[in-house]
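User: I would like a close look at one part of this model, with the backbone as the starting point and the surrounding architecture brought in afterwards.

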Amino acid sequence: MPQRGRVWALPLLFVLVLLAMPVQGWIMERYDDEPYPGLRMPQFDGDGQDDGVVELTVISVAVDGHRIEAREFQDGQADRARRFLSAVFPRDQGTPRLEPGTLALLRETSERVLGAPPHTMAVTWDRRWFDLRTGEVTYGPVLSRYRVDIGAAA
Amino acid sequence: MRVLRSVDAWCRRGDLTTADLAIFRILYGIAVLMILPSLERASAYPTADFDPPLGPMMLFDAVPPVPVLTALEVAIALLAALLVIGFRTRVVSVLLSVGLLVGYGFLYSFGKIDHTVILVFLPAVMAFTAWGDDLSVDHRAPSSENTGVAQWPLRVLALLIAMPIAQAGYAKASTGWPDLTTHAVQGHMIPEYFKGRDGWLAPVFLDLRVGPIWEALDWLTFIVEIGVLVAVLSWLAFRITLAMMTVFHLSVLLMMNIAFATNVVGYAAFFRWGRLLRVEPGARLPFSPPVGLVLAVALGLGAYGLHEWDAGLQWQGQSVIILAGGVAAAVYLMVLTWQSVAGLTGRSARP
């Protein structure tokens, strides 16, 4: 701990702390990756639109015909849930990646939400456009569609 | 040399007491217990997707087995509870930072980093303060040796919090947010709504098409975010800006359903809780150390059990922290405004 008398110690510490941001910026530039841990906050940079229109990629989840909010699959955390579900059910076609741990989470969450053992899960990714001036939603193509059995554990 | 002395004096300047820091320590520990991360969720991802971010998590080849994740989660809960009662505060603070770093690290090893870093590094920085001296098992009676409270770690913490916020503000200001013809907050709010963040006041803002309101939100956002770094120079300015940021986080919760509670927890480090709650420096816990330890174990295990029982409590905990912080910050700003007005008109400065 800096003691009184060493007048240079705290200024030096503060210079080092201040240098952390440019050093982190250099690392991100050099490795094209965000370090963890790092001094970073959500950016929300850019205006998120193109000529007043916002492009959306929407996921819909239904189990045995009942709609379930995607966020339920990661304890209410919407972003993390999208990341998880896009890892399991790729947005641009592909094969569902159902490992034992994945199936267990899908099954447990569905049963908790529906109150009954689940059987079939349907997942759809589709494209939409939202016009900020009118509030009108234009529906685009279905990007991918999955139907999997998440029934009784093996 | 004069410049060095001025900077040194500025680093040491501050009015937080051991009581303020002790109350914050308790609030921080309770907050961690309220938003305990569900580490077992990391084991549900496809194993091939494990891709740790640049940094110490690269030491791991895969997510550990579920029992290890469970043990880590229990350890974090117990450390947070030990921090609440102030048991071996310095060691526990550092261990909690390490535990949170690794725990969150597993969750962030699948392509997305949530920016909870303030919660992670805060106890390690606060370990250099006297936040374990009061209301703790470690209680140290005020003496001639420990009369002064080191304020410089709080200056360091202030910088660590302000720099990334200001960087995010600059990123906004330099990528179109000041453009009067586009409304960036609206442009970012709509995708959040369609991600399922459609609660609270989101439906109201979905239908809001009043350009000046959206543009005002754009400007307020990046000005306050950049202003946080400038405000570090003065404790009063920093507190006012943090209170404004807390109200900002509340509005983000209500509008976009994004609960960024970890920042709000960090902001609380800089407020004079002792004065608010009338706790004097030197205050002791109302129970003996052995009873405190038993209570801490019960608190830690109880919090873990509650989160196991209902993992949704994490989201609710985040919302409660932001709602409580937002209300407290709004009251703080109103009191300051009242005091300023009363000062100008010559009335009593105390509402």
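Where is the place of A:Pro37 in chain A? Please begin there and then move on to the rest of the model.

Analyst: In this predicted model, A:Pro37 sits in the loop that runs between H1 and strand E1 (53-63) of chain A. The peptide bond that joins A:Tyr36 to A:Pro37 is cis, with omega at about 0 degrees. Most peptide bonds are trans, and most residues other than glycine have a negative phi.

Two further residues deserve attention for their phi values. A:Asp64, which is not a glycine, has a positive phi of about 50 degrees, and its position is the loop between E1 and strand E2 (66-68) of chain A. With a relative accessible area of 31%, A:Asp64 is partly exposed. In chain B, B:Asn257 likewise has a positive phi, near 60 degrees, in a residue other than glycine, and B:Asn257 is found in the loop between helix H10 (235-256) and helix H11 (261-267) of chain B. B:Asn257 is buried, its relative accessible area being 6%.

Helix H1 (9-31) of chain A, from which the loop of A:Pro37 leads to E1, also takes part in packing with chain B: together with helix H6 (152-173) of chain B, it packs against the buried residues of H1(B). Those buried residues, in helix H1 (residues 2-12) of chain B, are B:Asp8, B:Trp10, B:Cys11 and B:Arg12.

The largest nonpolar core holds 121 residues, of which A:Phe89, A:Met121, B:Tyr28, B:Phe238 and B:Phe270 touch the most other members. Leaving aside residues up to four places away in sequence, B:Phe270 touches B:Leu16, B:Leu154, B:Leu157, B:Ala158, B:Ile161, B:Trp235, B:Phe238, B:Arg239 and B:Leu242. A second, separate core of 22 residues includes B:Trp177, B:Val185, B:Phe222 and B:Val252.

As for chain B as a whole, it contains 14 helices and zero strands. Its radius of gyration is 21 Å, close to the 20 Å that the globule rule gives for 351 residues, so chain B is as compact as a globular protein of that length. Buried residues account for 55% of those 351 residues, and, among the contacts in chain B with a separation of 6 or more, 81% involve residues 24 or more positions apart. The area that chain B exposes is about 14,900 Å², with carbon and sulfur atoms supplying 70% of it. Chain B carries 22 positive and 23 negative side chains, and the centres of these two sets lie 13 Å apart.

Note on methods
Residues are numbered from 1 along each chain as its sequence is written. Chains are lettered from A and ligands numbered from 1 in the order in which they are written. This is a predicted model: local features need pLDDT of at least 70, side-chain atom pairs count only at pLDDT 80 or more; totals for chains, interfaces and linings use all residues. Side-chain values use heavy atoms; hydrogens and water are left out. Helices (H or I, at least four residues) and strands (E, at least two) are DSSP runs, numbered from the N terminus. The radius of gyration is taken over C-alpha atoms; the globule rule is 2.2 Å times the number of residues to the power 0.38. Buried means under 20% relative accessible area, exposed over 50%, partly exposed in between (1.4 Å probe, protein chains only). Contact means heavy atoms within 4.5 Å. Accessible areas come from the Shrake-Rupley method with a 1.4 Å probe; for residues, only the protein chains shown count as cover. Lys and Arg count as positive and Asp and Glu as negative; His and the chain ends are not counted. The place of a charge is taken as NZ of Lys, CZ of Arg, CG of Asp or CD of Glu. A nonpolar core is a set of buried Ala, Val, Leu, Ile, Met, Phe, Trp, Tyr and Cys residues joined through side-chain atoms within 4.5 Å.
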